[in-house]
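Visitor: I am new to this structure and would like a close look at a single part of it, described slowly and with its surroundings.

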There are 2 protein chains.
Amino acid sequence: MRQFVIIGHEVPTTPEFSLDDLAGGAGRLDVLCRCVSSALFVSHGIREEVTIDLVLDDTVTVRFEGATARNLHPDERTIAARVRQALEQREEAIGHLPAEPSPGVKVYRLGLADMLDIATESGQIVRLHQEGTPIVDANLPEQPIFVLSDHQPFTEEEQRAIGDRASTAVSVGSTEIHANHTIAVAHNYLDTEGYTRY
Amino acid sequence: MRQFVIIGHEVPTTPEFSLDDLAGGAGRLDVLCRCVSSALFVSHGIREEVTIDLVLDDTVTVRFEGATARNLHPDERTIAARVRQALEQREEAIGHLPAEPSPGVKVYRLGLADMLDIATESGQIVRLHQEGTPIVDANLPEQPIFVLSDHQPFTEEEQRAIGDRASTAVSVGSTEIHANHTIAVAHNYLDTEGYTRY
């Protein structure tokens, strides 16, 4: 199992946004959609062992589960449409119980700390950060939960929430790259068993 | 300098497509747009040393140059809009002379073989393929030109065109991943100097 938690800072928490303006009117929802695409998709298939949580403004979280997702496609617009559909049903989520507006897509009315607590029931948190241990030298947990921020840095509060629960901090290099590219690199590292064997 | 050449098989060569349907009515232009995004963008910036050629149906090529691109954003829709604008001006391209509809975006009325010949004036072709040498064991050229296919495999004719000009074939792992993820992995490998130093 591989989990990703992406923190969205400049994103909608209600469904009143246009699919034609994901990088503008919808804040930067495009960034999060690319993260879902990188986390879930392989060539002509989906990574069934992956879940990805989009934490929206620390109040609502949309979760995509590779194992049960249906008719999902890797383009930004399709993924954004699922996010919008999830936000339409957010009021049906109660406490730790999510609503499930479409197969493999869940919506929680929970923020970062609560979602991290849910995630750590089945894994260990790895903070992806430039100043962490190079991934090639790190001992990654068996069931990693990678926590990343969108185009903005973690806030102090987020850092605290993650730091309190993280087992390790890992870097994929000194070049600052986008979150979705970091996900692709982390997958590749795990796919190739730490680059030692193909 | 890093170059990428992406072969698009199911894509428009004329501008009559909707930005609202990139993964449907526009063939699979969404795949190529994600490749441009992966090739050119780092966090809050652009990779100035990168060019990426989108070879459309072996007849028209749209080139993006990191060094001179302006007001380009990493979302699929913005990139597709530039491709469409380029296709509107394709008739102005003559022989090896492209039209340049916007800064850093060029359109050629040339297919794969001609574009590979242009690319090899400033680099050496590396075929990215699952059965190639693992990237960690490969000696990549100083100025690599990575050639990838979209969601469809290389045709025999494309294989010949690439094989005739390629110096090496390299693999990024046995998991079949999308072309844009392969680009992210190749960049990361080069960014971290072969994973040996951060």
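To begin with, which backbone oxygen does the side chain of Arg90(A) reach, and at what distance?

Guide: Please keep in mind throughout that this is a predicted model. The side chain of Arg90(A) reaches the backbone oxygen of Leu87(A), and the distance is 2.9 Å. Arg90(A) itself sits in the loop that runs between helix 2 (76-88) and strand 6 (99-102) of chain A. Although Arg90(A) belongs to a loop, this residue counts as buried, because its relative accessibility is 17% and the cut-off for buried is under 20%. Around Arg90(A), once neighbours within four places in sequence are left aside, the residues in contact are Thr13(A), Thr14(A), Pro15(A), Val60(A), Val107(A) and Arg109(A). A further distance helps to place the loop residue: the C-alpha atoms of Arg90(A) and Val62(A) are separated by 9.1 Å, while the two residues stand 28 apart along the chain.

From this loop we can turn to a helix of chain A. Helix 5 of chain A has 13 residues and reaches 18 Å from its first C-alpha to its last, which is close to the 18 Å expected at 1.5 Å a residue. Because 12 of its 13 residues are buried, helix 5 of chain A is largely enclosed by the rest of the structure; among those buried residues are His181(A), His187(A), Tyr189(A) and Asp191(A). After helix 5 of chain A comes Glu193(A), whose phi is positive, near 50°.

Asp191(A), which has its place in helix 5 of chain A, deserves a pause. Asp191(A) is buried because its relative accessible area is 18%, and its side chain is joined to that of Arg47(A) by a polar contact of 2.9 Å. Not counting residues up to four places away in sequence, Asp191(A) touches Arg2(A), Arg47(A) and also Thr175(B).

Helix 5 (179-191) of chain A also leads us to an open space, since this helix is one of the elements that each supply at least two residues of the lining of the second largest pocket. That pocket holds about 740 Å³ of space, and of the 33 residues that line it, the closest to its centre are Ser149(A), Asp150(A), Glu176(A), Ile177(A) and Ser43(B). Other elements that each supply at least two lining residues include helix 1 (29-40) and strand 9 (144-149) of chain A, together with strand 2 (41-42) and strand 3 (45-46) of chain B. Strand 8 of chain A gives the most to this lining, with three residues. By kind, the lining residues divide into 14 nonpolar, 15 polar and four charged.

Chain B, too, offers a helix to follow. Helix 1 (residues 29-40) of chain B has 12 residues and reaches 17 Å from its first C-alpha to its last, close to the 16 Å expected at 1.5 Å a residue. This helix of chain B is mostly covered, for 12 of its 12 residues are buried, including Asp30(B), Cys33(B), Arg34(B) and Cys35(B).

Last comes Gln3(B), found in strand 1 (residues 2-8) of chain B, which counts as buried because its relative accessibility is 2%. Its side chain and that of Ser122(B) are joined by a polar contact of 3.2 Å. Leaving aside neighbours within four places in sequence, Gln3(B) is in contact with several residues, among them Thr51(B), Arg63(B), Ser122(B), Pro144(B) and Phe146(B).

Notes: Residues numbered from 1 in each chain as written. Chains lettered and ligands numbered in written order. Predicted model: local features only at pLDDT ≥ 70, side-chain atom pairs only at ≥ 80, totals over all residues. Heavy atoms only, no water. 1 Å grid on protein atoms, 1.4 Å probe; cavity = no way out; pocket = protein on both sides within 12 Å on 5 of 7 lines; lining within 4 Å. Points joined across faces, edges and corners; volume = space filled by probe spheres on them. Helix = DSSP H or I, 4+ residues; strand = E, 2+ residues; numbered from the N terminus. Nonpolar A, V, L, I, M, F, W, Y, C, P; charged D, E, K, R; others polar. Expected span 1.5 Å × (residues − 1). Buried < 20%, exposed > 50% of the residue type's maximum accessible area, 1.4 Å probe, protein only. Polar contact = N/O pair within 3.5 Å; in protein donor to acceptor, adjacent residues only side chain to side chain. Contact = heavy atoms within 4.5 Å.
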